[in-house]
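Hi there,

Here is the structure I promised to pass on to you. Have a look at it first, and then read my notes underneath with the model open beside them.

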Amino acid sequence: MSLNEILLNIIFYALALTGLFSSFMVATSTNMVRTAFSLLGVLFSFAGLYGLLRADFLFAAQILVYVGGILVLIIFAIMLTHKIANVNLSNESTSSSTVIAVVCILFAVLVFIALTLPEYIKINQRNKPLTEMIGNNLLSDSLLPFEILSVLLLACLIGAVYLARKEVKE
Amino acid sequence: MLWFTKYPVENLLILSSAVFCFGIYTIVTRKNAVSILMGVELVLNSVNLNFITFSQFVDNAGISGNMVAIFVIVLAAAEASVALAIILGIYQNFGRVDVDKLTSLRN
Amino acid sequence: MKEFIEHLYNELEFLEGLPFIIPFIIGSFILAFIIINFIAVFAGVCTYIERKVAARIQARVGPYMVGPHGILQWLADALKLLFKEDTVPEKADKLLFKLAPFIVFAGSFACWVALPLAPAFSPARLNIGILYIIAFGSSVILGILMAGWASSSKWALFGAMRSAAQIVSYEVPTGLTILAMLLITGTLDMHNTIAQINLDGTISGGQSQGLPFPLNYFSTNADNFSAGMFSWYIFRYPPFTFIAFIIIYICALAETNRVPFDIPEAESELVSGYHTEYSGMRFSFFFLSEYANMFVFSAIITTLFLGGWLPPFNITGSLLAPACGIILYMLVKGKTTDPANRFIAFCTGAGIGIFLGVLSGDKNYWFADYLGIQSLRFIEGLFWFFTKSFGLVILMMWLRWTIPRYRVDQLMELCWKKLTPLAFINLFCIGILEWLYK
């Protein structure tokens, strides 16, 4: 094992631990603000993992859409639906032993499936830049989903504006 | 499964399943609607990580996994915007966003 | 960057046994150290220039006491900031409060990775360059929201919310304008955006070719150094690219929270915006990040519109201009003390130099073979890139003292009702032109 791979592994474990810890905080933290900013850690570490997996376009898209878009939306929603003067907003959770047991069983099943993967794994050798392949694919093989998605986005835009606007009193 | 490997497939899968479980836990236990949305985002992210892992390590020539991940990200953006619009509407009508208190269809 | 270290690695003999990764990591750290220091010095000098520009516009003298013409004022300010007490409000969320300035700074610092600073040199050649910069530029919002929220102060919170709303809104016209320019450049790679301009002003799109560091590549592609300013993307489709330039410049002002769009820190309404509660070192990180962001946006505009490291006129002129300027400056220096006169002398000299360069009309510089230093082009590219970017930054300062502040509703109206439709129309027109003429 070369030094290069050891370094990659260290980066991988750093990112993975950040992601795990942050998602744990999202699940259990009792402070609303901390919860929202823990999600930031999850999103960034996942973006880093995409980078490590050579999905460079996904890396940029994750940060651009999730961090710059969705997370900001979520934080705005928290600000608009709470009395924000208080920093320590509580975020109740109704945990019970049943829930924990079910989630643990789910996790065990998923890990079992992951560990019993067949041995057909090989490294993906791309000779072209990924962005170019994605661009070509969007306009050839996955043209239909692309178009449907654009219509869906338009519908969401209009729907969100309609839902969030103030009621006009007749 | 190896702890130090060039192809950390299982490690990535276990990570994503852990995050998936945290997401499910968040969705089930939280009362606040915005927090539930965060749980959904966790689940979507873990699924994305799985898709990209398989795209990198299994799908040798194509980029189908990446394409699906892109569509998931776009759908997540759409879903988040609509969900937050609904949450804002609920807040305007009821004055609170705790899902266990929202038992009536009209105020 | 990687090419540069590879070159060194192959050349230097004492590195023989080492794996490549070690010099690579050390080189990356050195470069990061250089850039971080550059940002600090740049921000300091910018404050000095800003105060001098303000003084000039308002017919004052400006800082004058520390050093000749107050030129060391920024060092004194920096020292004062370093030694200030670092206060944390009692009701603040301590962890987030302490984390926020670093996230803001990391967001703007990360953008520097993909900037094409000189021919064959950017800290990393990313295939997704411009997308990467936009992505990390937008992640600054999170740090600002975090700062505003954790401060537990209403001024900070209002500032942060205004800032976030403003940046998110202005990302729309920015993105549309960059998209329009990407239709022309045909590449996301910031480096290739400039390198693909040919000598005759045409653009060779398509695959990004790896440009190896050993300067042999100058013999082929760097001849675009004498392509002249009309090969820049801003002169591609004249009315529309000009409009795109103006839109993106306005958006850059808004996204860096500069006047006339500085409502997040409007000192007459909010005390100082999202960094009201910060002091000392943490405040200086916000400060650095603001100036780093200004430079990053100027660099993006320089790359996409103003030809990056390409000189505006051919190669002889570009060296003659600063030379003549400095000579005339030296001649005048003894005779007058007014800095404005000296500046005018420098500009006149530069103008004469440009004129001489245009007259000579020679695309190869006549002394290059004589001196045998092709690598002069590296320094020259660096010079032009930073000159253009600094020019845009100084224009931002000039605007600050010229235009009054917008109101929040006016700001949003400008974005959504004027700039966004204009950017859409612009995108459409550039697309049609590109389809017709390509």
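In chain B, among contacts between residues at least 6 apart in sequence, 50% join residues at least 24 apart. Please keep in mind that this is a predicted model. Chain B has three helices and zero strands, so if you read along its sequence you meet the pattern α-α-α. Of its 107 residues, 56% count as buried.

**Two helices of 25 residues**

Let's stay with chain B for a moment and look at helix α2(B), residues 33–57. How far apart are its end C-alpha atoms? They are 37 Å apart. Its 25 residues should span 36 Å at 1.5 Å a residue, so the two values agree. At the start of α2(B), a side-chain oxygen of Asn32(B) comes to within 2.8 Å of the backbone nitrogen of Val34(B). Because 19 of the 25 residues of α2(B) are buried, the helix is largely enclosed by the rest of the structure.

Now turn to chain A and find helix α3(A), residues 56–80. It has 25 residues, and from the first C-alpha to the last it reaches 34 Å, close to the 36 Å expected. Where does α3(A) bend? The bend, about 30°, is at Tyr66(A). In α3(A), 19 of the 25 residues are buried, so the rest of the structure largely encloses this helix.

**Where chains A and B pack**

Two packed helices are described by the angle between their axes and the distance between the axes. Here the pair is α1(A), residues 3–28, and α1(B), residues 9–29. Their axes are 8 Å apart and make an angle of about 10°. Angles under 35 degrees count as roughly parallel, and therefore α1(A) and α1(B) are roughly parallel to each other. On the α1(A) side, the residues that meet α1(B) include Phe12(A), Tyr13(A), Leu20(A) and Phe24(A). On the α1(B) side, the residues involved include Leu12(B), Leu15(B), Phe22(B) and Tyr25(B).

Elsewhere in chain A, Leu143(A) lies in helix α6(A), residues 143–164. Its relative accessibility is 34%, so Leu143(A) counts as partly exposed. Leaving aside residues up to four places away in sequence, Leu143(A) touches Asn137(A) and Leu138(A).

**A bent helix in chain C**

Helix α4(C) runs over residues 94–110, which makes 17 residues. From first C-alpha to last it reaches 25 Å, close to the 24 Å expected at 1.5 Å a residue. There is a bend of about 30° at Ala100(C), and a proline, Pro101(C), follows within four residues. Both Ala100(C) and Pro101(C) are among the buried residues of α4(C), as are Leu96(C), Phe97(C) and Phe105(C). What covers these buried residues? The cover includes α2 of chain A, along with α2, α5, α6 and α10 of chain C.

**Single residues in chain C**

Try Ser163(C), which lies in helix α7(C). Is Ser163(C) buried or exposed? At 0% relative accessibility, Ser163(C) counts as buried. Not counting residues up to four places away in sequence, Ser163(C) touches Ile144(C), Asn257(C), Pro264(C) and Tyr274(C).

One of those partners, Asn257(C), deserves a look too. Asn257(C) sits in the loop between α9 and α10 of chain C. Its phi is near 55°, a positive value in a residue other than glycine. With 5% relative accessibility, Asn257(C) counts as buried.

Phi of Ala59(C) is also near 55°, again positive in a residue other than glycine. Ala59(C) is in the loop between α2 and α3 of chain C. Is Ala59(C) buried or exposed? At 71% relative accessibility, Ala59(C) counts as exposed.

Last comes Thr187(C), in the loop between α7 and α8 of chain C. Its relative accessibility is 13%, so Thr187(C) counts as buried. The side chain of Thr187(C) reaches the backbone nitrogen of Asp189(C) at 3.0 Å. Beyond residues up to four places away in sequence, Thr187(C) touches Leu182(C), Asn192(C), Thr193(C) and Gln196(C).

Enjoy exploring!

Best wishes

Conventions:
Residues are numbered from 1 along each chain as its sequence is written. Chains are lettered from A and ligands numbered from 1 in the order in which they are written. This is a predicted model: local features need pLDDT of at least 70, side-chain atom pairs count only at pLDDT 80 or more; totals for chains, interfaces and linings use all residues. Side-chain values use heavy atoms; hydrogens and water are left out. The expected span of a helix is 1.5 Å times one less than its number of residues. The bend at a residue is the angle between axes fitted to the seven residues ending there and the seven starting there. Buried means under 20% relative accessible area, exposed over 50%, partly exposed in between (1.4 Å probe, protein chains only). A polar contact is a pair of N or O atoms within 3.5 Å; within protein, one must be able to donate a hydrogen and the other to accept it, and residues adjacent in sequence count only if both atoms are side-chain atoms. Axes are lines fitted to C-alpha atoms, for helices over the stretch in contact, and angles run from 0 to 180 degrees between N-to-C directions. Angles under 35 degrees count as roughly parallel, over 145 as roughly antiparallel, 65 to 115 as roughly perpendicular and the rest as oblique. Contact means heavy atoms within 4.5 Å.
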